[in-house]
Amino acid sequence: MTSAALPATRAESAVRTAAFAMTPGLQDKLFTTAALTRLAQLVAVDTKTVIRDFSTADQTMLSGLEVLVTGWGCPPIGRSELNLMPQLKVILHAAGSIKGHLSPEVWHRGIRVSSAAEANALPVAEFSLAMILLAGKEAFWISREYDRREKGIDLLREYPDIGNFQRTVGIVGASKIGRRVMELLTPHDVEVLVYDPYLDNSEASRLGARLVDLPELMTECSIVSLHAPSLPTTTHMIDAAGLASMHDGATLLNTARASLVDQDALVAELRSGRLRAVLDVTEPEVLPPDHELRTFHNVFITPHLAGAQGNELIRLGQSTMAELERVLTCRGLRFEVALEQWERTA
């Protein structure tokens, strides 16, 4: 859910200097030419330059910098980096998670932070919905069997239980993405169970789901989709016992973080052929060529594809531009991230 818009301070209304901190060239994928032109009209910014190392960046520019637009590849921002930017008022992150590059010191200094996580949640939710529906039809596994046989398959006889009518789908984590997935599942004839320790029954009902504990979800659902943050308390929350409790033929979908799953336990279940998995994240992120997961016919692996990619990046840029315009016109940030949210996010 989005945070309420907070009023801008008088100092923010005077913001006039900005810079990018992200992978070189990413700004051209996030912002159209027209958007970059508009950005340069609003603030003093070099749209061709990005900061990759604060210690080697133009120190005069940093000393007067008021807005930092960050993205993937942004270097960590802690006390020493903030000391170089004494005038910094706002950080606008043109992506989802901010935990990898911002330290709590940012909030301690009164710097306001906004994230495009809401905009990034949509493509992940769309991808998850597609994978859920395809898993319900067993499309991945039937396709591979069809290719192996090189002849027709008697679907009615061999796959009598495929389909998504009245299928029970489990959502682990009512995050921004988890909520969007539940929203997208609403038109479909499925029952949705959700587990989230911060969710109550009334909110779950409003989302079209039934709130249950994690063991019940793992036992009852034939498709389980993970959308929880990576925290010490969520590491291996999907463990050997949980995997063992899943239905034979059930599918685990992970578009969140690999650390949520005990991967060794998952490999053991997949090796037996009892479960299936759709994995957009693995440990390590890029599996070595000889990794056992690559050999299984009951695993569909994608290279961290679910989040914003290609033309979807423009949506992130649009969200960031809208936030900047809100700051400049004293309307406050629509997607402000508080320190308490930082502590609970991925």
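Tutor: Let's start with a rule: two strands pair if DSSP finds at least two bridges between them. Helices (H or I, at least four residues) and strands (E, at least two) are themselves DSSP runs, numbered from the N terminus. This is a predicted model, where local features need pLDDT of at least 70, side-chain atom pairs count only at pLDDT 80 or more, and totals for chains, interfaces and linings use all residues. Residues are numbered from 1 along each chain as its sequence is written, and side-chain values use heavy atoms, with hydrogens and water left out.

Student: How do you know that strand 8 and strand 9 pair?

Tutor: Strand 8 (residues 223–226) and strand 9 (residues 251–254) share 4 bridges in the parallel sense, so the requirement of at least two is met. Isoleucine 223, for one, sits opposite threonine 251 of strand 9.

Student: Which sheet do they belong to, and in what order do its strands come?

Tutor: An open sheet of 7 strands, ordered 7-6-5-8-9-10-11, with parallel pairing.

Student: What makes strand 7 and strand 11 edge strands?

Tutor: Strand 7 (210–211) and strand 11 (299–301) each pair on one side only.

Student: And what does helix 7 touch on that sheet?

Tutor: Contact means heavy atoms within 4.5 Å. Helix 7 (residues 117–136) touches strand 5 (167–172), strand 8, strand 9, strand 10 (276–279) and strand 11, and its direction makes about 165 degrees with that of strand 8. Axes here are lines fitted to C-alpha atoms, for helices over the stretch in contact, and angles run from 0 to 180 degrees between N-to-C directions.

Student: Now the other sheet. Why do strand 1 and strand 4 count as its edges?

Tutor: That open sheet has 4 strands in the order 1-2-3-4, paired parallel. Strand 1 (18–21) and strand 4 (112–115) each have a single partner strand, so one side of each is left without a neighbour in the sheet. On average, neighbouring strands are turned by 20 degrees against each other, direction ignored.

Student: How many bridges hold strand 1 and strand 2 together?

Tutor: Strand 1 and strand 2 (residues 67–70) have 4, in the parallel sense, and alanine 19 stands opposite leucine 68 there. Strand 2 and strand 3 also run parallel, joined by 4 bridges, with valine 67 partnered by valine 90. Strand 3 and strand 4 run parallel over 4 bridges too, and histidine 93 has serine 115 as its bridge partner.

Student: Which way do the residues of strand 3 point?

Tutor: Val90 and Leu92 go one way and Ile91 and His93 the other way, and all are buried. That fits the general picture: in a regular strand the side chains alternate between the two faces of the sheet.

Student: What makes serine 319 buried?

Tutor: Buried means under 20% relative accessible area, exposed over 50%, partly exposed in between (1.4 Å probe, protein chains only). Serine 319 has 13%, so it falls on the buried side of the cut-off. Serine 319 is found in helix 15, where it touches Ala116, Ala119 and Phe335, not counting residues up to four places away in sequence.

Student: And why does glycine 71 count as buried?

Tutor: Glycine 71 has 2% relative accessibility, so the buried label applies. It lies in the loop between strand 2 and helix 5 (79–83). Leaving aside neighbours within four places in sequence, glycine 71 contacts Ala21, Met22, Leu26 and His93.

Student: Why are helix 3 and helix 15 called roughly parallel?

Tutor: Angles under 35 degrees count as roughly parallel, over 145 as roughly antiparallel, 65 to 115 as roughly perpendicular and the rest as oblique. Helix 3 (residues 33–42) and helix 15 (residues 313–328) pack at about 20 degrees, with their axes 11 Å apart; roughly parallel is therefore the label. Helix 3 contributes Ala35, Arg38, Leu39 and Leu42 to the contact, and helix 15 contributes Met321, Leu324, Glu325 and Leu328.

Student: What makes helix 7 and helix 10 come out as they do?

Tutor: Helix 7 and helix 10 pack at about 50 degrees, axes 8 Å apart, and that makes helix 7 oblique to helix 10. Their crossing is right-handed. A crossing is left-handed if the near helix is turned anticlockwise from the far one by less than a right angle, and right-handed if clockwise.
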